[in-house]
Structure formats: C-alpha cells, structure tokens
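Work through the exercises below with the coordinates open. Each task is followed by a stepwise solution.

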Amino acid sequence: MGETKVQEQLGAADVRTWIGAATLVDPAVPMRRGSLMIAETRIRGMLKWWRSVLAFGLGNPVLYLMSVGIGIGSLVNKHMGANGLDHVPYLTFLAPALLVTAAIQGAMDEVTFPTLQGFNWDRSFYSMNATAISPRQIVNGVMLAALARCIVQVALYEAALIAFGAISISSVPALTIGAIFAGFSFASVMFALSARIKDDDGVFAIVGRFIITPMFMFSGTYYPLASLPIYLQWIGWISPVWHATQIGRALSYGMPISPEMFLLHIGFLSVLAVVGMSLTYPPFKKRLAN
Amino acid sequence: MANTSKETMILARGLRKTYGEFVAVDGIDFEVKRGEAFGLLGPNGAGKSTTMKMIAATSQRTGGELSILGKDPELKGPEIRAHLGVVPQQDNLDRELKVWENLMVYGRYFGLSRKFLKGKIEELLEFAQLTEKRNAKSEELSGGMKRRLTIARGLVNEPEILMLDEPTTGLDPQARHILWDRLFRLKEQGVTLVITTHYMDEAEQLCDRLIVMDKGRIMAEGSPAELIKKYSSKEVLEVRFGSDNNKAVAEQINGIGDRLEVLPDRILVYSDNGEKALEQITKLGLHAITSLVRRSSLEDVFLRLTGRTLID
C-alpha cells in the first residue's frame with residue numbers, strides 16, 4: 001500500500017509528520033533563552049492593548065504638562081524669576097520627576113496584573129512552567145517585558161516634554177536611564193508583592209492610593225524635598241521617586257549634587273531592585289510546584 | 001513512529017508525596033512503556049493529579065524513586081519537560097491571545113523555529129478541528145474547543161509522552177467523543193499517553209493498562225478487561241425496590257449471584273447471568289420497580305476494591 005493511500009485512510013486530520021521531541025526539541029535552547037521567550041509572549045499580550053498604551057502614554061503627559069507645568073509653572077517662574085528652582089524653568093525642574101512617575105506606573109502595570117493573570121485568572125504561568133521554562137525565567141521574562149513597556153512609556157513622555165520645550169534632546173539618554181532604573185526598582189518590589197497575592201482583593205487600588213500617590217506628592221516632585229517640614233521628608237528618603245528624580249535632575253540639567261549623594265541614590269535604587277527580585281523568585285517557585 | 005520496542009518511559013518505585021501531615025501519594029510503584037496508553041483511575045483526592053504533577057516534573061517528590069525518560073526529574077526538570085506534552089485539568093490558555101498565537105508562543109517555549117511552527121500550527125488546528133477559529137481569542141471558545149486547543153498545544157513539541165489530566169471533565173457527550181477520537185488517533189500513532197480520569201468508560205475506551213488509586217495508594221493494576229475479570233463478574237443486575245426497601249430486600253436475596261452491593265438507590269447483583277439472577281429474585285415474589293442487566297465495568301471494580309463509587 002502506497003503512502004498516499006495510508007494517509008488517505010488515516011484522514012486529513014491526522015498529525016502527518018512526527019519527528020518526535022527527542023530529535024525536534026533541544027532543551028538547551030529554552031534553558032538559555034527562556035526569559036526572552038516569556039517576554040515575547042507578554043509583549044504579544046500588551047500589543048493587544050497598544051491603543052490604550054499609546055493614548056495613556058501620550059495623553060497623560062500632555063494634560064499634566066498643560067495644567068501643572070504651564071499653569072503652576074508660570075506662577076512659579078513669575079515669583080522666583082531667574083532664580084527659579086535650581087535656576088531652571090519650572091518645567092525643566094519638574095520633567096525628571098514626571099518621567100520617573102510615568103516609568104514606575106508603566107512598569108508596575110506590567111508586573112502586577114499580569115502576575116494575577118498568570119497565577120489566578122488564566123493560570124498561564126503554569127502552562128509556561130510545564131515546558132522547559134523555569135519559574136526564574138518566567139519572573140525574568142515578565143520583568144523584561146515590563147521594562148520594554150516602561151521604555152515606551154518614558155519615550156512618549158519625553159516626546160511630549162520636548163514638544164513643550166521642557167527638556168533638551170541631549171538630556172534624553174540620561175533622563176531615560178534614571179527613569180527606567182526607578183521603574184525597575186519599584187516594579188521589582190511590586191512584583192514580589194503580586195507574587196504573593198492569592199486573590200485580587202483590591203490590594204493594588206490600596207497601593208495606588210496609599211503608596212503611589214503620597215510617594216509622588218511628597219518626593220520632591222513639585223518642589224525640592226528640603227522645602228518640606230523635616231517630619232515629612234522621610235517619605236522622600238524611602239521613596240524611589242525622589243532618589244531617581246535626583247539622579248535625573250543631576251544628569252539632565254546639572255543640579256548640584258555631591259558624589260556621595262549621587263551614589264547613595266543609585267545604591268538605594270539598586271538595593272530595592274535586588275531585594276524585590278530576590279523576594280519574587282521564591283513564591284513563583286513555590287506556587288508553580290503546587 | 002518506528003520505535004515501538006518496550007522501552008521504559010516512566011518508572012516509579014515507592015513514589016511518595018506529602019503536604020505537611022497530609023499524604024497525597026503513599027508509596028506507589030508503576031511502569032509505563034513506550035507507546036502505551038496508561039491510566040490512573042480513582043475518585044477526586046485519590047492522588048492522581050499529584051502523581052501527574054510529579055511525572056510532569058513540576059512538583060518534586062517527597063520520597064521514593066522516579067525516572068521519566070530515563071532521567072531524574074529532581075535533577076533534570078527542564079530537560080524532561082522539554083520532551084513532554086501536558087494537558088492540565090484546568091485549561092490554562094493565554095486568554096488575551098488568539099487561538100493560533102497560543103500555539104505559536106507555546107511552541108516558542110520549546111525553542112522551535114517560527115518556520116517550523118507555521119506548518120505545525122496548521123496541522124494542529126486541523127487536528128483539533130479549530131482551523132475556522134484560528135483568529136478567535138481563546139477566551140471566546142466553547143469548553144470543548146478550549147480543551148481541544150489545550151490538547152493541540154500539548155502536541156506542539158511532538159512529545160514523547162502526552163499527559164492528560166481529566167481530559168473530558170465538564171464536556172458534553174458529543175465533545176467527549178470527538179476528544180476520544182483524537183486521542184485514539186494519537187495512540188494509534190504510537191504516542192505514549194498517560195491519562196487520569198474518574199470516568200470508567202473513558203478509561204475503558206482509551207487505556208491499555210491502568211492503576212486504580214484510592215487515598216494515595218494503588219488498589220489494583222491491569223488492563224480494563226483483566227481488572228473486570230479479576231474483580232467482578234461478567235454481568236451485573238441492577239434492581240431498584242425504592243430507597244427505603246433496598247436494604248431489607250438485599251437480606252432476602254442474599255445468595256443470589258456471586259455477590260451483592262447495596263447502594264442507597266439500588267442493589268447490584270454480580271452474576272455471570274444477570275437474567276437468571278432476576279428470574280430467581282422474581283421467584284421469591286419480589287418485584288423490582290426497575291431492573292437492568294449490563295456488563296461489568298471498571299466502576300464495579302472500584303466498588304469492589306474500595307466499597308465506594310467513583311463519583312461520590
């Protein structure tokens with residue numbers, strides 16, 4: 001009986017060629033590049049929402065810059081004249097803080113809800129882990145994709161800031177690095193928290209209202225931290241927004257800063273990132289094994 | 001597949017899994033050979049899914065020995081998983097992605113090239129009868145379609161072993177039959193299947209050999225026919241005398257057939273000739289509300305072994 005005849009008998013719906021995983025799949029490939037594969041899936045998921053990402057990414061800064069930047073800025077500039085905050089126009093002073101906040105928001109969105117989705121809503125983390133991909137690679141892949149989103153968010157914000165004349169093109173690389181760093185370190189802490197949530201009981205709404213908003217308001221965003229009474233300044237000291245904003249200000253318009261303070265800012269964000277990621281891996285490993 | 005020799009695919013010796021004080025799997029032994037369709041039959045909580053997770057190299061054993069494709073899952077988890085296909089009890093498709101994208105990203109996790117996957121996806125969509133739904137989001141599919149997609153996804157790497165945890169639970173009869181047909185085709189092609197189920201008809205349809213599990217232990221092992229022959233009679237007579245009367249009637253008809261089982265709603269009379277047993281009952285002046293003679297099934301085996309029905 002010829003092969004065609006056999007296939008005809010088996011019917012069109014059969015799996016015709018079967019090489020077999022032993023020959024077809026080299027485990028070394030996913031073991032090496034698994035994180036990138038997970039990031040690819042996450043980015044595919046994000047692209048389903050590209051219109052919202054774009055509208056939010058551009059709409060938010062435009063509205064913000066018009067109301068706070070120009071509105072309040074004209075007031076600040078008028079009263080303080082050439083000696084304005086740090087001797088720069090108010091928008092230039094504000095820009096690094098706005099970028100940091102946008103970065104934090106973008107990165108956070110992509111580690112919090114996707115983690116609930118992966119563990120609880122569609123359990124897709126379990127399907128990833130049923131392949132050669134390890135829990136650690138899933139964590140890294142989700143974070144990589146979150147940083148990709150973060151870069152897009154920051155780039156859109158920068159485009160708006162350039163259009164408003166708030167920053168110069170030459171300051172973009174420095175501002176981007178500062179903002180992404182902030183996004184990474186804060187998102188890693190949120191990631192560690194998300195990995196421990198069994199049900200979405202509104203915890204992110206609480207985090208948004210009681211952590212993100214105060215952090216944004218009391219982190220030397222609109223005015224130098226030193227202008228706050230001493231009993232409120234601690235919020236800035238434990239806030240990644242303040243540390244990253246200071247880095248951004250120093251790098252973008254040369255805000256005076258001592259080398260020790262500069263290193264302290266970088267150190268704080270690094271510690272946060274390392275602690276956050278280290279606290280994210282164990283719950284992933286534990287939950288995926290059950 | 002050319003290689004259908006009796007190569008050992010899975011070997012478990014004294015396999016044990018505990019969660020704190022709770023013993024989920026209590027020292028079980030079994031072996032699965034290449035090309036076999038091997039079943040784990042038992043009620044909910046018997047330890048089937050836990051056993052599956054250990055075979056799938058995602059959950060680590062607490063004790064005993066386990067070898068999958070000749071490797072220890074504790075040491076070679078990713079290497080083993082790269083060559084398995086897993087269909088979990090709960091569908092875990094990426095709900096944001098389209099049907100074909102679910103297959104694409106999953107194939108990528110095995111490091112398969114996009115070029116290979118392009119052809120493979122067409123093949124799998126056809127196999128799962130989802131070609132028309134290729135661009136639908138997975139969350140828009142019916143239960144049966146989701147299940148078929150999950151099975152197709154489990155085949156994307158052409159696995160050495162395809163593991164199916166309760167593959168047809170929650171599906172309507174038609175969807176179950178379509179799935180059985182697909183799985184039967186895979187079996188014919190020589191794919192090693194490991195299936196858990198609490199449906200005895202499913203186990204009888206699909207499994208060459210199975211273990212009956214209860215409370216983390218293996219109660220019996222063999223082919224469906226062997227198990228039925230060993231633990232049950234050829235036929236079963238089911239008689240109903242009303243819930244309040246069954247117990248009293250059972251005492252009167254004791255001795256008819258090989259053995260009796262009294263369930264809350266009916267009496268099962270195990271006999272090689274069900275019609276004859278019914279005649280004997282009628283001769284005693286007892287008239288059943290309903291009576292039915294059927295052939296013995298794995299359900300009867302389970303009842304014999306554990307004193308309980310499979311679906312409580």
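The exercises cover the fold of one chain, the interface, a surface patch and salt bridges.

This is a predicted model: local features need pLDDT of at least 70, side-chain atom pairs count only at pLDDT 80 or more, and totals for chains, interfaces and linings use all residues. Residues are numbered from 1 along each chain as its sequence is written, chains are lettered from A and ligands numbered from 1 in the order in which they are written, and side-chain values use heavy atoms, with hydrogens and water left out.

**Exercise 1. Describe the secondary structure and extent of chain A.**

Step 1. Assign helices (DSSP runs of H or I, at least four residues) and strands (E, at least two), numbered from the N terminus. Chain A has twelve helices and zero strands.

Step 2. Fit a box along the principal axes. The C-alpha atoms of chain A fill roughly 95 × 35 × 35 Å.

**Exercise 2. Quantify the interface between chain A and chain B.**

Step 1. Count residues in contact (heavy atoms within 4.5 Å). Chain A gives 44 residues and chain B gives 46.

Step 2. Compute the buried area, that is, the accessible area (1.4 Å probe) that two parts lose on being put together, summed over both. The result is about 4300 Å², with 54% from carbon and sulfur atoms.

Step 3. Count polar contacts: N or O pairs within 3.5 Å; within protein, one atom must be able to donate a hydrogen and the other to accept it, and residues adjacent in sequence count only if both atoms are side-chain atoms. There are 19 such residue pairs between chain A and chain B, both residues at pLDDT 80 or more.

Step 4. Assign the chain A side to elements. Helices H2 (21-24), H3 (28-47), H5 (90-121) and H6 (124-129) each give two or more residues. H3(A) has the largest share, ten residues.

**Exercise 3. Which residues form the nonpolar patch on the surface?**

Step 1. Keep residues with over 30% relative accessible area and no salt bridge, then join nonpolar side chains (Val, Leu, Ile, Met, Phe, Trp, Tyr) within 5 Å. Accessible areas are Shrake-Rupley values with a 1.4 Å probe; for residues, only the protein chains shown count as cover.

Step 2. The patch holds Ile43(A), Leu47(A), Trp50(A), Leu54(A) and Leu58(A), with about 440 Å² accessible together.

Step 3. H3 and H4 (50-80) of chain A each give two or more residues. H4(A) gives the largest share, three residues.

**Exercise 4. How many salt bridges link chain A and chain B?**

Step 1. Pair a side-chain nitrogen of Lys or Arg with a carboxyl oxygen of Asp or Glu within 4 Å.

Step 2. The count between the chains is four. One of them joins Glu40(A) to Arg114(B), N to O 3.1 Å.

Methods: Patches are made of residues with over 30% relative accessible area and no salt bridge: like charges are joined within 9 Å, nonpolar side chains (Val, Leu, Ile, Met, Phe, Trp, Tyr) within 5 Å.
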